Amino acid sequence: MRAARLIKMVLLLQSRPAMTAAELARELEVSERTVTRDAQALSEAGVPVYADRGRAGGYRLVGGYRTRLTGLARSEAEALFLSGVPGALREMGLQDAASAARLKVAAALLPSLRDAPDTAAQRFHLDAPAWFREPETPAPLPVLAEAVWDDRPVTARYRRADHEVERRLEPYGLVLKAGIWYLCARVAESGSFRTYRIDRFGTVDALDATFERDPGFDLPGFWADQAERFARSILRAEVVVRLSPDGVRRLPHAVDPLGAREALDGAGSPDAGGWVTVTLPVESEEVAHTQLTALGPEAEVLAPAGLRERFAADAARTAALYRSADG
């Protein structure tokens, strides 16, 4: 523990001209007295740490000293690529590795470039969770993250609709989608790849063995394919809709994007008023009613008949409300 702190102190001093005892104590999460003792220990070990006395004093490295400890460990290098997602790093238990990696990079940069991490952080930020929902960290996530890094199989219990199943899985990758964590894994018994919501795992135990990854597995491609399959699987019904030019423009924002794309790709030619008729894949008539209501008079439902009648009744009620308001 102390050795890691001493290394971090050297890297901090190497990346800046000087630091006060209070600044070092804050970065290292120790007392100023501990900083003084650590500086003395470094000096005795041959690291030229110099202490400036007085109110404006602090600590600095003398004579252009540079440590050779800037080489990144594998876990640090891998975590560095995720450093733009601080919440995800924290949930996976990789925050310390990313912090050490950033320090090493900062220490290796030229003085003129040392503000690059700060300037980048003030310009780009990824906020992954969805609005209006407090994100929760699934308890098995750190164990699964470590298994993914180390290629270790796990035994896990997974909750389905009305029962639990036990599986031996080979964890290939983690995906954070709108604040929800998913595991992409190969099922050891069948060799097939599946996607699991991590908050539905009960117990997860990492095994001592390792597995050999399929070199042809592509996590982004696999996830994109799974996401499209899922979207297609829930679009079980169809609605025939007549759309105004404004309705065409607004359709992808009102309904499922995949369904909107398929509908518009198969649309016929516009009529004299610019309206087009499309066949829209939807999850159900109930969902279609909710979604298409947002288009108002820019959409006319032609079929099925029951849904058309429902929109006609909505329109009549709306018209009656406005007639009564006009008095």
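Which residues point one way from β5, and which the other way? In this predicted model, Ile180, Tyr182, Cys184 and Arg186 point one way from the strand, whereas Trp181, Leu183, Ala185 and Val187 point the other way, and all of them are buried. The legends below begin with the chain as a whole and then turn to close-up views.

**Figure 1. Overview of the predicted protein chain, with 13 helices and 10 strands.** The protein chain has 327 residues, of which 32% count as buried. About 20,000 Å² of the protein chain is exposed, and carbon and sulfur atoms supply 52% of that area. When contacts between residues at least 6 apart in sequence are considered, 60% of them join residues at least 24 apart.

**Figure 2. Close-up of the open sheet of 5 strands, in the order β6-β5-β4-β3-β7.** The pairing in this sheet is antiparallel. The edges are taken by β6 and by β7 (201-206), each of which has a single partner strand, so one side of each is left without a neighbour in the sheet. On average, and with direction ignored, neighbouring strands of the sheet are turned by 45° against each other. Helix α8 packs on the sheet, where it touches β3, β4, β5 and β7, and the direction of α8 makes about 80° with that of β4. Strand β3 (residues 154-159) runs antiparallel to β7 and is joined to β7 by 4 bridges. Within this pairing, Thr155 stands opposite Asp205 in β7.

**Figure 3. Close-up of strand β5, 8 of whose 8 residues are buried.** In a regular strand the side chains alternate between the two faces of the sheet. For β5, the two sets are Ile180, Tyr182, Cys184 and Arg186 on the one hand, and Trp181, Leu183, Ala185 and Val187 on the other, each set pointing its own way and all being buried. Strand β4 (residues 164-177) pairs with β5 in the antiparallel sense over 8 bridges, and Leu169 stands opposite Val187 in β5. Strand β6 (residues 193-197) also runs antiparallel to β5, the two being joined by 5 bridges, and the bridge partner of Cys184 in β6 is Thr195.

**Figure 4. Close-up of the turns of the β4 and β5 hairpin and of the β5 and β6 hairpin.** The hairpin of β4 and β5 has 2 residues between the strands, and Ala178 in this hairpin takes a positive phi near 50°. In the hairpin formed by β5 and β6 there are 5 residues between the strands, and Gly191 in the turn has a positive phi of about 80°.

**Figure 5. Close-up of the aromatic pair formed by Tyr182 and Trp223.** A pair of aromatic rings is described by the distance of the centres and the angle of the planes. The structure holds 10 aromatic pairs. The pair of Tyr182 and Trp223 is tilted, with 5.2 Å centre to centre and 50° between the planes. Because Tyr182 lies in strand β5 (residues 180-187) and Trp223 in helix α9 (residues 219-234), the pair ties together parts that are 41 residues apart in sequence. Tyr182 is buried, with a relative accessible area of 16%, and Trp223 also counts as buried, at 19% relative accessibility. An aromatic cluster is formed by Tyr172, Phe193, Phe211, Phe217 and Phe222.

**Figure 6. Close-up of Pro140 in the loop between α7 (116-121) and α8 (141-150).** Pro140 is buried, with a relative accessible area of 9%. Leaving aside neighbours within four places in sequence, Pro140 is in contact with Ile198, Phe201, Gly202 and Val204. Pro140 and Arg200 are 60 residues apart in sequence, while their C-alpha atoms are 9.6 Å apart in space.

**Figure 7. Close-up of helix α12 (residues 285-293) and its buried residues.** The buried residues of α12 are Ala288, His289 and Leu292. Seen down the axis of α12, these buried residues fall within an arc of 105°, so they line one face of the helix. An α-helix has 3.6 residues a turn, so residues three or four places apart point the same way.

**Figure 8. Close-up of Thr36 in helix α3 (residues 32-44).** Thr36 is partly exposed, with a relative accessible area of 41%. Thr36 and Ala51 are 15 residues apart in sequence and, C-alpha to C-alpha, 9.1 Å apart in space.

How values were computed. Residues are numbered from 1 along each chain as its sequence is written. This is a predicted model: local features need pLDDT of at least 70, side-chain atom pairs count only at pLDDT 80 or more; totals for chains, interfaces and linings use all residues. Side-chain values use heavy atoms; hydrogens and water are left out. Rings of Phe, Tyr and Trp (its six-membered ring) pair if their centres lie within 6.5 Å; planes under 30 degrees apart count as stacked, over 60 as edge-to-face and the rest as tilted. Buried means under 20% relative accessible area, exposed over 50%, partly exposed in between (1.4 Å probe, protein chains only). Contact means heavy atoms within 4.5 Å. Two strands pair if DSSP finds at least two bridges between them. The arc is that of the directions from the helix axis to the C-beta atoms. Accessible areas come from the Shrake-Rupley method with a 1.4 Å probe; for residues, only the protein chains shown count as cover. Axes are lines fitted to C-alpha atoms, for helices over the stretch in contact, and angles run from 0 to 180 degrees between N-to-C directions.
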